[in-house]
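Dear colleague,

Please find the structure we discussed below. I should be grateful if you would look through it alongside the notes that follow.

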Amino acid sequence: MTSDGSKTMRAWVVRQPGPIEASPLSYVAKPVPVPGQGELLVRVLACAVCRTDLHVSEGDLPVHRERVTPGHMVVGAVAALGAGVADYAAGDRVGVAWLRYTDGTCVYCRRGDENLCPNSLYTGWDADGGYAEYTTVPAAFAYRLPADVSDVELAPLLCAGIIGYRALLRASLPERGRLGLYGFGDSAHLTAQLALAQGATVHALTRGEGSRRLALELGAASAADAYDAPPEPLDSAILFAPVGDLVPVALRALDRGGVLAVAGIHLTDTPPLNYERELFYEKELRSVTSNTRQDGREFLALAARHHVRATTHVYPMSAAQQALQDLKAGRFDGAAVLVPDGDTVA
């Protein structure tokens with residue numbers, strides 16, 4: 001406990017953003033957060049590791065909160081209720097995702113595009129997230145979860161899955177269309193399952209033999225290096241890898257009228273585009289910005305209907321920094337998930 005008698009917990013904080021190989025995170029004791037008005041205190045049962053956490057840790061994204069605790073794909077149990085919360089009870093299992101707050105009054109929120117809200121806030125960037133024993137979430141932004149899927153399997157769905165679904169919508173894939181996925185990590189391997197269940201032909205273009213093998217095991221028609229040409233023109237493509245050099249590569253792979261959606265929150269600089277080779281014939285280049293809560297609800301329902309399941313690699317919470325290092329190095333396919341390892345502080 002702290003000197004004032006409040007309980008403490010173990011949590012990771014970004015000490016100073018920098019290369020993950022230099023260990024910019026510290027595992028510290030800090031007070032258990034107190035839920036505010038309309039919030040839930042959530043005991044973390046599982047927290048998946050996202051590339052956005054890597055961007056926050058390395059400084060690719062600007063600092064929004066000093067010494068922030070990353071993590072925004074949380075499955076947890078409600079431990080306490082803030083004032084004004086009436087539709088949850090202690091013990092309820094909930095999901096905590098990236099989008100944490102929108103103002104509800106701006107022109108974007110009013111027209112149903114809350115993902116574009118200029119006053120939006122995000123878990124693990126603006127507020128402390130799930131690389132900890134406890135976190136908080138506004139009740140209005142928590143997700144109710146199906147009872148028949150494990151904590152570890154559910155956790156990656158809460159960002160990797162939801163953002164992948166948003167990207168799939170932005171890519172305007174026609175019925176039974178040909179979809180290219182550039183990068184085949186946590187988000188892409190969930191998106192592929194959903195697209196395949198809906199009748200699409202999927203081509204994976206990604207580095208790493210393990211990722212290509214996973215793509216084929218899930219039902220992809222082909223799997224090749226990210227810079228290779230797919231075996232047929234694509235109706236739609238999604239760029240998950242944060243590599244700007246792949247934008248013209250993916251655009252050249254599109255058929256006439258095709259759409260490329262860029263799914264990441266961060267992308268290295270893109271090279272100049274050649275209009276005739278990469279944009280002519282009404283090809284489109286679109287970005288993806290966060291998601292709406294409706295996207296989340298729709299995706300979780302579709303994932304349950306089509307039995308979308310994450311390929312997971314479990315790490316103890318105390319090894320979160322190692323999980324991020326392994327993510328950057330491409331040492332695993334699918335998704336890494338942190339679980340409590342019993343290392344608590346009284």
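Which residue of strand 13 is the bridge partner of Leu179? In this predicted model, the partner of Leu179 is Ser236. The pairing belongs to a wider contact between two strands: strand 10 (residues 178-182) and strand 13 run parallel and are joined by 4 bridges.

Strand 13 itself spans residues 234-239 and is mostly covered, with 5 of its 6 residues buried. Strand 13 also pairs with strand 14 (residues 254-262), again in the parallel sense, over 5 bridges. Within strand 14, Leu260 is the residue that stands opposite Ala237. Helix 7 (residues 246-253) completes a right-handed β-α-β unit together with strand 13 and strand 14.

I turn next to helix 10. This helix, residues 320-329, is largely enclosed by the rest of the structure, because 7 of its 10 residues are buried. The buried positions comprise Ala320, Gln321, Ala323, Leu324, Gln325, Asp326 and Leu327. Their cover includes four strands and a helix, namely strand 1 (8-14), strand 2 (25-31), strand 16 (312-316), strand 17 (335-339) and helix 1 (51-58). After helix 10 comes Gly330, which has a positive phi, near 70 degrees.

When you open the model, the two regions may be inspected separately: strand 13 with its parallel partners, strand 10 and strand 14, and helix 10 with the elements that cover its buried residues.

With kind regards

Methods. Residues are numbered from 1 along each chain as its sequence is written. This is a predicted model: local features need pLDDT of at least 70, side-chain atom pairs count only at pLDDT 80 or more; totals for chains, interfaces and linings use all residues. Side-chain values use heavy atoms; hydrogens and water are left out. Buried means under 20% relative accessible area, exposed over 50%, partly exposed in between (1.4 Å probe, protein chains only). Two strands pair if DSSP finds at least two bridges between them. A crossover is right-handed if, with the strands pointing away from the viewer, the path from the first strand over the helix to the second runs clockwise. Contact means heavy atoms within 4.5 Å.
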